[in-house]
Amino acid sequence: MPYLPDTHRYQNMSYRRSGKSGMQLPLISLGFWHNFGDVDDFDTYKNIVYKSFDKGITHFDFANNYGPPPGSAEKNVGSILKKDFKGYRDELIISTKAGYLMWPGPYGEWGSRKYLLSSLDQSLKRLDIDYVDIFYSHRFDPNTPLEETMGALAHAVKQGKALYAGISNYSAEVTIKAANILKSLGTPCLIHQPKYSMLDRWVEKELMGVLDQKGIGCIAFSPLAQGILTNKYLNGIPENSRASKSHGALQSTQITKELLVKINKLNDIAISRNQTLAQMSISWLLKDHRVTSVLVGASSVAQLEDNIKALENLTFSNEELTKIDSILAKLN
Ligand code: NDP
């Protein structure tokens, strides 16, 4: 049976403008870091891709190295896009990034023009598409002039291989410089992709203010702290969870007893709001309108559906926010 997207897919999703740009992103976007590599189950991830689009998730986020092995997420999902999404490319926002190690030698990582533009060509081949919507510098390279890295992003846009430029993991200070360079090149920075969750609030100090002032959007990655901010680890480490897998980026040692005490308390607040902890963790980020989108990962359709239900309750009372802050106080 060929895949036919749900005709009601735009009815229940909301979209937010990325900074001062013309681009709107769904409140929840789907990330392909884990769960879409050659080590994963094709039917499971194919159904996650289908369900996302059926629910109005129009934004799919990749990087050159997602897998494992690196590159396999782009290749695997590229084959699904080619087969099942042929008529829907204009309804999708596909992003990719370059910055971390992808191939051996001095041109296979960081921020040189050589690396970024070669990597984008490789990503386009793996994804089997003519252009990506957003091309990111995945991390700041202290040893390459920022003008060169930003120049490569702007060049990709001028070539038509990317429609917008983005940066990820850049500090507030470097973001200001990067945004100024991109603006001078006629390719404004569309979006910043930082790590942001209840367990990691570094962006609140300066970055969010900078993004707001510069008119740049914010898409928060690892909003569930890789699964810690769900009810998954409350009673130990389940089989097949990210923390149990040798290729998972989450180490079981990160899930300490002290942390679990706090997660349990957060879970109680989520229950009192009639939400799962995953849902509350997503809602908590979206309460800030400067957050354009929350970039979730999912290893099953059920997780994705759980996460999307966060949108049913995005408001918090002052009392709830104070309670959450006091639980998190010693962590951030
Ligand atoms: P999350 O914090 O959303 O963690 C996703 C994981 O949490 C899932 O794979 C699953 O793990 C678990 N999970 C998700 N939903 C539920 C649920 N409802 N109930 C229970 N468990 C759940 O995000 P990721 O860390 O995966 O990051 C999301 C995306 O952000 C990435 O795919 C990537 O696109 C981007 N990213 C960007 C980075 C950057 O440097 N720019 C770095 C990291 C991520 P399990 O396998 O255990 O079921």
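Helices (H or I, at least four residues) and strands (E, at least two) are DSSP runs, numbered from the N terminus. The model is predicted: local features need pLDDT of at least 70, side-chain atom pairs count only at pLDDT 80 or more, and totals for chains, interfaces and linings use all residues. Residue numbers start from 1 along each chain as its sequence is written.

**Exercise 1. The loop between E9 and H7**

Task: Determine where Ala-225, Gln-226 and Ser-244 are found, and state whether each is buried, exposed or partly exposed.

Solution:
1. Ala-225 is found in the loop between E9 and H7, as is Gln-226. Ser-244 also has its place between strand E9 (217–221) and H7.
2. A residue is buried if 20 or more other C-beta atoms lie within 10 Å of its own, exposed if 12 or fewer, and partly exposed in between, with C-beta atoms placed from the backbone.
3. Ala-225 is buried because 20 other C-beta atoms lie within 10 Å. Gln-226 counts as buried because it has 23 C-beta neighbours inside 10 Å. Ser-244 has 13 such neighbours inside 10 Å and therefore counts as partly exposed.
4. As to backbone, Ala-225 has a positive phi of about 50° although it is not a glycine, and Gln-226 has one of about 65°. Most residues other than glycine have a negative phi.

**Exercise 2. The faces of H7**

Task: Describe the span of helix H7 and explain why its buried residues lie on the same side.

Solution:
1. H7 comprises residues 257–272, 16 in number, and reaches 23 Å from its first C-alpha to its last, close to the 22 Å expected at 1.5 Å a residue. The expected span is 1.5 Å times one less than the number of residues.
2. The buried residues of H7 are Ile-263, Leu-266 and Ala-270. They cover an arc of only 65° around the axis, so they are on the same side of H7; the arc is that of the directions from the helix axis to the C-beta atoms.
3. On the other side of H7, the exposed residues are Lys-257, Glu-258, Val-261, Asp-268 and Ser-272.
4. The cover over the buried residues includes helix H8 (277–286) and helix H10 (318–328), contact being defined as C-beta atoms, placed from the backbone, within 7 Å.
5. Just after H7, Asn-274 takes a positive phi of about 60°.

**Exercise 3. The ligand shell and H9**

Task: Identify which helix supplies the largest share of the shell around the ligand, and which of its residues are buried.

Solution:
1. The ligand is surrounded by 30 residues, the closest being Gly-31, Trp-33, Phe-221, Gly-227 and Gly-297. A residue is near the ligand if its C-beta atom, placed from the backbone, lies within 6 Å of it.
2. Strand E10 (293–296) and helix H9 (301–308) each supply at least two residues of this shell. The largest share, three residues, comes from H9.
3. In H9, Leu-304, Asp-306, Asn-307 and Ile-308 are buried. Their cover includes strand E3 (28–31), helix H1 (42–54), H8 and E10.

**Exercise 4. Consecutive cis peptide bonds**

Task: Locate Pro-68 and Pro-69, and give the omega of the cis peptide bonds.

Solution:
1. Pro-68 is found in the loop between strand E4 (59–61) and helix H2 (72–84); Pro-69 is found in the loop between E4 and H2.
2. The cis bond joining Gly-67 and Pro-68 has an omega of about 0°, and the one joining Pro-68 and Pro-69 has an omega of about -5°.
3. Most peptide bonds are trans.

Terms used. Two residues are in contact if their C-beta atoms, placed from the backbone, lie within 7 Å.
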